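Here are some notes to read alongside the model, for anyone opening it for the first time. Keep the viewer open and follow the points in order.

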Amino acid sequence: MCGIVGLVGQANAAEHVLEGLKRLEYRGYDSAGIATLDHGRIHLHRKRGKLQGLVDLLREQPLPGSIAIGHTRWATHGRPSDENAHPHRVDDIVLVHNGIIENYLELRSELTALGRKFESETDTEIIAHLIATTPAKSLVERVRATLLRVQGAYAIAVLSPSEPDTIVVAKNASPLVLGISETLGIVASDIPALLPYTRTVKILEEGELAVIRPGSIVITKLDGAPVERAARVIDWSPVMAEKGGHKHFMHKEVFEQPRSVVDTLRGRLSARGDDVELPDTVVDMVARASRVMITACGTSYHAGLVGRLAIEELARLSCEVELASELRYRHPLMGPETLTLAVSQSGETADTLAALKEARHSQSPVLSIVNVLDSSIARDSNQVLYTHAGPEIGVASTKAFITQVIAFYLLAIGAGRRRGLSEARARELVRGLRELPLTIEEILHQEPRIIEIAASLKAARSALYLGRGYGYPVALEGALKLKEISYIHAEGYAAGEMKHGPIALIEPSVPVVVIATQGPLYDKVIGNVQEVRAREGKVIAVVTQGDRRIREMADHVIEVPAVDPIFTPIVATVPLQLLAYHVADQRGTDIDQPRNLAKSVTVE
Ligand code: M6R
């Protein structure tokens with residue numbers, strides 16, 4: 001995710017901002033830049049790639065001045081490049097931005113009509129143009145007037161030679177933290193960058209601006225109303241600060257999921273919020289295909305299994321899912337009539353990339369669902385639907401899975417509408433999608449209960465996960481999470497298959513995790529739970545809030561809010577991520593970097 005650092009009131013401000021950016025490196029980024037003001041001039045360096053490029057540039061050509069803003073960019077609009085890196089400079093304005101501007105195409109056309117020329121592919125440059133063309137007395141008034149026209153998520157920091165000791169910052173749905181100091185003005189998107197200067201901070205809230213000068217911070221609302229904000233003292237260790245106060249990146253990423261879902265949906269629902277709005281080029285590919293072949297590895301494959309069910313149900317389109325490592329060596333009957341849908345968080349997984357190349361070789365058009373912008377899989381596809389989950393650092397995939405599943409729902413509803421899905425059903429589903437971030441929040445509040453259940457699982461040597469329908473991919477994903485981070489052997493199975501083999505494993509020492517939420521197959525799952533109980537198996541069930549039947553049969557239940565059964569993979573996976581996390585934590589394993597695993601599997 002992008003990082004912002006700004007500092008005013010210290011000589012060589014660029015060096016300090018660079019140190020701050022280094023403290024945000026863990027968040028992931030693909031380019032970086034710094035701007036300073038000195039003697040009425042803007043000085044600027046931007047560089048694609050790791051911070052070392054910027055370090056080298058600054059060594060050769062130092063940026064003078066005691067005021068600076070800097071940025072690490074994780075590409076969303078426009079590929080990673082020097083031109084797309086921040087800060088963006090337009091006339092007397094230089095600015096950095098985190099977030100996504102939703103109405104940027106509309107604003108860009110308006111600015112183009114005024115004869116404005118753009119140097120980058122970013123949505124950020126639009127904000128710089130708008131501020132630059134806004135006539136007002138002070139910098140803060142220009143920023144304020146601009147932001148009234150901007151829709152979307154942003155955290156920005158702006159400099160102008162017209163006010164050489166001022167940084168104006170503003171935020172909406174992207175974090176900004178103001179450091180309290182007697183001599184400096186300092187701001188960052190994340191606490192670690194502030195810790196060398198201060199541990200006393202004020203958090204900027206939604207729709208607020210701040211004017212930062214050496215030793216002074218003035219916070220107001222967008223409409224200019226003054227804001228009083230109490231300061232907070234941060235007692236985190238530097239390591240904790242890097243992880244936003246969480247013990248592990250995986251934990252942080254699990255808790256980021258409500259925000260990630262909002263980011264995946266952003267700009268993809270109609271203004272009234274009752275329909276899906278994806279680019280025609282993307283929806284057409286699905287809607288016009290005769291069949292779909294989904295391919296991926298690991299967790300992304302599990303998201304693909306959910307995708308198949310959703311596409312079949314809503315778009316009534318024949319759909320297969322194949323592990324990329326298998327598909328690449330098969331001789332599948334695929335041609336222009338088959339849409340290949342590749343799914344990958346990293347966009348660099350060697351097997352998925354190879355399967356995609358095979359598909360293209362067979363003339364099959366390729367659409368990919370990818371998190372990392374401009375990655376190899378994204379570049380090799382005909383169309384891409386980005387998940388916008390932000391960087392995932394923990395090796396165990398969590399928010400990437402949830403956002404891939406959301407992307408599949410969007411595709412299935414979008415294509416479904418062209419293939420007979422009723423407007424009413426689409427509206428109902430979109431309403432359900434919009435409620436998911438809050439639903440996930442509610443599930444995350446159950447963490448204390450899940451910690452207790454984890455204690456009962458931590459000594460197990462083997463565990464079984466069972467689910468049917470939309471619960472089956474959840475069983476696979478729940479088992480994968482447990483095995484990869486806790487090293488407990490775990491199998492995910494279609495519950496109906498139990499009596500064809502795995503039932504032989506059932507005994508009191510093998511816990512059985514069952515996805516038993518309400519839905520068309522609920523009674524069938526109850527039957528499976530009874531089969532487990534009859535063999536003295538221990539049952540941990542994920543159930544819909546208020547369920548009484550399973551409570552009587554299970555040893556432990558985790559309740560999740562009632563949702564449309566199609567959204568089971570979201571509500572049932574989140575508690576299983578937390579369950580795996582806490583079992584692993586109680587066993588003391590290396591959760592973020594489990595043994596033998598790599599985040600991005602770029603070799604076969
Ligand atoms: O980057 P990708 O989504 O292509 O990665 C695929 C798998 O390697 C990945 O999901 C892996 O299974 C994770 N460790 C699961 O948590």
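**A strand and its neighbours**

1. Start with a pair of valines: Val-211 sits across from Val-218, a residue of S13. Keep in mind while looking that this is a predicted model. The strands around this pair are S12 and S13 (residues 216–221), which run antiparallel and are joined by six bridges.

2. Now look at the turn linking the two. S12 and S13 form a hairpin with two residues between the strands, and there Gly-215 has a positive phi near 70°. It's a good spot to zoom in on the backbone.

3. S12 has another partner too. Strand S8 (residues 167–172) is antiparallel to S12, with five bridges between them. To find the register, use Ala-170, whose bridge partner in S12 is Leu-209. If you want the background, strands in a sheet pair by backbone hydrogen bonds, in a parallel or an antiparallel way.

4. How many of the six residues of strand S12 are buried? Five are, so the strand, covering residues 208–213, is largely enclosed by the rest of the structure.

**The open sheet**

5. Next, trace the open sheet of eight strands. Its order is S3-S2-S4-S1-S10-S9-S11-S14, and the pairing is antiparallel. Which are the edge strands? They are strand S3 (41–48) and strand S14 (232–233), each of which pairs on one side only.

6. At the S3 edge, strand S2 (residues 31–38) runs antiparallel to S3, and eight bridges hold the pairing. One way to check this on screen is to pick Ile-34, whose bridge partner in S3 is His-45.

**Three loop residues**

7. His-86 belongs to the loop between strand S4 (67–73) and strand S5 (88–90). Is His-86 buried or exposed? Its relative accessibility is 3%, so His-86 counts as buried. As for contacts, a polar atom of the His-86 side chain is 3.2 Å from the backbone nitrogen of His-97. The His-86 side chain also has a polar contact, at 3.4 Å, with the side chain of Thr-124.

8. Ser-364 is another loop residue, placed between helix H12 (350–361) and strand S18 (366–370). With 2% relative accessibility, Ser-364 counts as buried because the cut-off is under 20%. Its side chain comes to 2.6 Å from the backbone oxygen of Thr-338. The side chain of Ser-364 also makes a polar contact of 2.7 Å with the side chain of Thr-340.

9. For the other case, try Ala-11, in the loop between strand S1 (3–8) and helix H1 (13–23). Ala-11 has a relative accessible area of 57%, and is therefore exposed. If you'd like a ruler check, measure from Ala-11 to Gly-99: their C-alpha atoms are 30 Å apart, with the two residues 88 apart in sequence.

**Domains and the ligand**

10. Zoom out for the overall layout. The chain splits into domain 1 (3–240), domain 2 (243–441) and domain 3 (446–604). Taken over C-alpha atoms, the centres of domain 1 and domain 3 are 44 Å apart.

11. Where does the ligand's shell come from? Domain 2 and domain 3 each give at least three residues to it. In total, 14 residues surround the ligand, and the closest are Ser-300, Ser-344, Gln-345, Thr-349 and Glu-484. Sorted by class, the shell has eight polar, four nonpolar and two charged residues.

12. Some distances are worth checking by hand. A polar atom in the side chain of Glu-484 is 2.4 Å from a ligand oxygen. For the Ser-344 side chain, an N or O atom lies 2.6 Å from an oxygen atom of the ligand. Lys-481 has a side-chain N or O atom 3.0 Å from a ligand oxygen. Taken alone, the ligand would expose 420 Å², of which the protein buries 90%.

13. Finally, which elements give two or more residues to the shell around the ligand? They are helix H10 (298–315) and helix H17 (471–486). H10 supplies the largest share, with three residues.

Technical notes:
Residues are numbered from 1 along each chain as its sequence is written. This is a predicted model: local features need pLDDT of at least 70, side-chain atom pairs count only at pLDDT 80 or more; totals for chains, interfaces and linings use all residues. Side-chain values use heavy atoms; hydrogens and water are left out. A residue is near a molecule or strand if one of its heavy atoms lies within 4 Å of it. A polar contact is a pair of N or O atoms within 3.5 Å; within protein, one must be able to donate a hydrogen and the other to accept it, and residues adjacent in sequence count only if both atoms are side-chain atoms. Accessible areas come from the Shrake-Rupley method with a 1.4 Å probe; for residues, only the protein chains shown count as cover. Helices (H or I, at least four residues) and strands (E, at least two) are DSSP runs, numbered from the N terminus. Ala, Val, Leu, Ile, Met, Phe, Trp, Tyr, Cys and Pro count as nonpolar, Asp, Glu, Lys and Arg as charged, and the others, Gly among them, as polar. Domain bounds come from an automatic or database domain assignment. Buried means under 20% relative accessible area, exposed over 50%, partly exposed in between (1.4 Å probe, protein chains only). Two strands pair if DSSP finds at least two bridges between them.
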